[in-house]
Amino acid sequence: MSDLPPSPRQPLIPIPRSGVMIWVNLAAALIIAAIGFGLGFGQGIAAQYVILATVISTAVLLWLLNYIVVIFETRADQPSADPAQGRAVWQENRVMVIAMVILLIAYLIVTASVPDFRSVTNLIALLVLEAILLFAFKVSGRFSTGRSAFIGLIVLLALIVISSFTIKGFLSAPNIKAILLFAAFLGIACVGQTLVALMGGLDLSIPFVIGASNIGLLFLIGLGVPSFVAAGFILILGGVIGMVNGLLSYKLQGQALILTLGMGFAVAGLTQTLTSIGSAFSGNVFGSVPKWLQNLAAMNGKTFGLAFPPTILIWIVLAILVIVGLRYSAYGRYVYALGGNRRSAKLIGVSELKYWTLAYTLSGVFAALTGSLLLGWSGGGFIGVGDPYLFTTLAAVVIGGTSLMGGYGGYGFTVIGVLVLQVLSSFLIGIGLKYEWQQFIFGLLILPMVALYGRSPHIRAQV
Amino acid sequence: MSERSSSTSTYLLVPILLIAVLLGIAVIRGPNLVSMSGFGSAIIVAAPLTMATYSLMSLAVAGRGTVDLAVGPLMAFINVSIVKLNMLEVVTGPFGVFFVALGLGVLYQLFFAAVVIWVRVQPIIVALSGFLALTGINLVILPRPGGTAPEFMSSWGIGTTIFSPILLIVLIATAGWLLFTLTPFYANLRMMGYDERAAWTSGVRINIVRIGAHVIAGLFIGLGALCYTALISSGDPTQGTNMTLTSVTALVLGGVSLSGGRGGVTGALLGALNLWLIGYVLSTFNFGAIQAFITQMSYGVILVLSLLLTLLVPVIGRHISFISPWGAFVVLATIVVGIMLQAATSALYLPADPLTALAQGPLLTRYLLTTPAEAAQLGLSLSPFQQMAFLLATAAVVLVFAARLMNAEASARRMGLFLYIFVAVLVLALFALVAGQGDLTLFKGALP
């Protein structure tokens, strides 16, 4: 999927070639902006805000629409299949039609059976979902790369729209802060998983390292080690664990899943054993979390006097660093090269062992960082704090669209995946679903999302 | 040809060696294992794990890196479904419960296969998806551990005797797989697992083969859920993750290749037993409050070590091809059974007072290993030198026999008839011992 011709450089302001399209776009943008304008006055918001919002939304919409049109125009040069017969049309669209019909039937059944379900917001939700399907099938296929990111963004947008319709206070500052904070924890833990997945590996030791560093840090602080030294030491330990993971799984190609799982078991067990020796409360570590660590991750933390926890800032900086690094640094390019085709990367002189081990080492460091930050957030050590991250890190990477086979994806995709997961989780909590239902829905969500873009070729194409 | 065929099961050397060591330690540390109730409870506790490992094994053989991470939650799902249906009094009879358990397992696996084949998503993602969905729905069906298992299962999980229905289930599953390996379908399955493209180009209908592997995995997991329900005689929605992790560990300990094409029921069985034995051995040491942590750590360390040992398999296969796994199995089994007999009968060698010594006299005739003692009692007095010579001669004969067998079997694909007989005799001897010991304790209890 990566051998498409390089697309011509897009101008900052896309201008379609056909004049008609410009007018159509302008009309569409104005109509939508007018609806927003009406709604804004309907809700009784101050006039200057409504006007400002209308102007901005018109501009952004116009830009987006033009951008899409330009992409279509450059794609239109390529030969496309001739959908002359109705049969061919059906062949092309059957999956989408079937999916949409199934969704509609499910909605109708639920509506018919559950009286509480009959509301305008649910109808809007259905329409939005159908629109997502339509978009996902018909539009995303036109993008050469970043198709999964496009779908992810649409899903994210739709989720936010649905949530803010359904849940009171969804767009309030505390809620957004909470979503971002948890997204930051998950996002930092996902850095390593993304890097490793880009090379075709998996790291299941992340949750155990998170838990171990969580209680390990508190234990060290409890022993009287200065907190900065303890935190640094924990990060180094995480790196060492990651390095061992990398070295061993390099030897055992294809068994990384099991190997990291075993390492995780060993690390978690060892940490718990060490911290409970000479302690009356086995498995429980007590100590006081230093102020700076609490401020770093607690909900009421302050960043340079601003009212959001520094963890969010750390995540944003980290995300930018990783995205830019993967895209422009030699390390990043070699990671993609190795993930794409290991043999040819080796032939041009990329050291496989070095980059493989480095990816795992980084994964260990960031897992330890997440564990330390979670200690600041919760204020108490708990080995099970990492457990939810066992599969959510994988889920975020997969939903974002990074291929687990390696070579395709990136941390930007993972950020989208993380946000989708967090917003969805917040939405599900908001409509009163319990944790188990959330998990169920997460599980069911992963499959169709990956099916939209992560399908492997048919066997006859592989021979 | 003979060289190649000897390497087909070289991977079993590691689990066989491990199980011999573990069993030896287990028997020395906790001699209670060698008794009717010891074996009985061992079988019942290890059965769900064994079945889960079988299920993983049949999928792993099918290739594409299929590790069904959802195996634990699926087992818990069937477990809570059975319990819930029982509590609602919808399905309570044996046939209904079996039908529900196997049906749910097969249905899930069919869905899995369909997604992998037609939607063409990587199996690991389907497994991940299934894991999350099933873990969630389990808690919805049964929010906390509880409920009651169907009435007819109540006696299954007691474990005072070896011959429980659980053993029957395990035996049927094992025999079923062994029979299945005789069919050409199995050859196709292994070929597909080893190289899917080659299988496809040579005309194997890989979709059907894959569906078949999944159906078998579903049957195994259904049986496993039955064993699990019998073991805990209630419903428990929370143990899914643990079961997944332990059964994947067991799979690796059994030497099954996760990249497909290599593995079998023997390896999976040995792996599951190994894992159970690790837990058993660790439980005989008293670590107090940190027991659980030590156990977890040991699982991890042993998992990593056994993975590293699999790196040695090709080396072993190249350099010591004269040792066949089965030969090693027989030799090690002899040693371990010897240790078992020793541990189980050591009380007999130390007659505390003449009365018990006298009372135990006739019983001694039951045991093979006690023949010298018996001979001495009957008046066939041997001098220590003669005893030594006799023992040495026996050892030499056994050694020659074992070496000959190993040499002959190294090139064989399967266990020869001799080995079957040998293993059967060993098992029978052990069983006779264990059955006899029940009498013994009874007898001793009756003494003043």
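Glu89(B) counts as exposed, because 7 C-beta neighbours lie inside 10 Å and the cut-off for an exposed residue is 12 or fewer. In this predicted model, Glu89(B) sits in the loop between α4 and α5 of chain B. The backbone deserves a look here too: phi of Glu89(B) is near 60°, a positive value in a residue other than glycine. Most residues other than glycine have a negative phi.

Stepping back along the chain from Glu89(B) brings you to the helix that it follows, α4(B). What is the setting of α4(B), mostly covered or mostly open? It is mostly covered, with 14 of its 17 residues buried. The length of this helix can be checked as well. Helix α4 of chain B runs over residues 71-87, and at 1.5 Å a residue its 17 residues should span 24 Å; the end C-alpha atoms are 24 Å apart, so the two values agree.

Another loop of chain B offers a companion case. Ser233(B) is found between α10 (206-232) and α11 of chain B, and its phi, near 45°, is again positive in a residue other than glycine. The surroundings of Ser233(B) make it partly exposed, because 17 other C-beta atoms lie within 10 Å.

Now take chain B as a whole. Its secondary structure comes to 19 helices and zero strands. Of its 448 residues, 45% are buried. How much of the contact map links residues far apart in sequence? Among contacts in chain B with a separation of 6 or more, 82% are between residues 24 or more positions apart.

Turn next to the place where the two chains meet. Here 43 residues of chain B are in contact with 46 residues of chain A. On the chain B side, the elements that give two or more residues are α5 (94-119), α6 (123-141), α9 (196-201), α11 (240-253) and α13 (291-310). Which of these elements gives the most? It is α6(B), with 14 residues. By class, the side of chain B that touches chain A has 31 nonpolar, nine polar and three charged residues.

Across in chain A, the domain assignment gives domain 1 (1-76) and domain 2 (173-462). The C-alpha centres of these two domains of chain A lie 36 Å apart. For a closer view, look at helix α12 (residues 330-340) of chain A, where Tyr334(A), Val335(A), Tyr336(A), Leu338(A) and Gly339(A) are buried. What covers the buried residues of α12(A)? The cover includes α6 (173-198), α11 (310-328), α13 (342-347) and α14 (352-378) of chain A.

Finally, a word on confidence. The model scores ipTM 0.71 and pTM 0.75. The mean pLDDT of chain B is 77, and 77% of its residues reach 70 or more. Among the elements of chain B, α10(B) has the highest mean pLDDT, 92, while helix α1 (residues 2-6) has the lowest, 38. Two stretches of chain B are worth marking as you read the model. Over residues 354-380 of chain B the pLDDT is below 50, and this stretch has 24 contacts in the model beyond near neighbours in sequence. Over residues 438-448 of chain B the pLDDT is also below 50, and that stretch has five such contacts.

How values were computed. Residues are numbered from 1 along each chain as its sequence is written. Chains are lettered from A and ligands numbered from 1 in the order in which they are written. This is a predicted model: local features need pLDDT of at least 70, side-chain atom pairs count only at pLDDT 80 or more; totals for chains, interfaces and linings use all residues. Two residues are in contact if their C-beta atoms, placed from the backbone, lie within 7 Å. Helices (H or I, at least four residues) and strands (E, at least two) are DSSP runs, numbered from the N terminus. Ala, Val, Leu, Ile, Met, Phe, Trp, Tyr, Cys and Pro count as nonpolar, Asp, Glu, Lys and Arg as charged, and the others, Gly among them, as polar. A residue is buried if 20 or more other C-beta atoms lie within 10 Å of its own, exposed if 12 or fewer, and partly exposed in between; C-beta atoms are placed from the backbone. Domain bounds come from an automatic or database domain assignment. The expected span of a helix is 1.5 Å times one less than its number of residues. pLDDT is the predictor's confidence in each residue, from 0 to 100.
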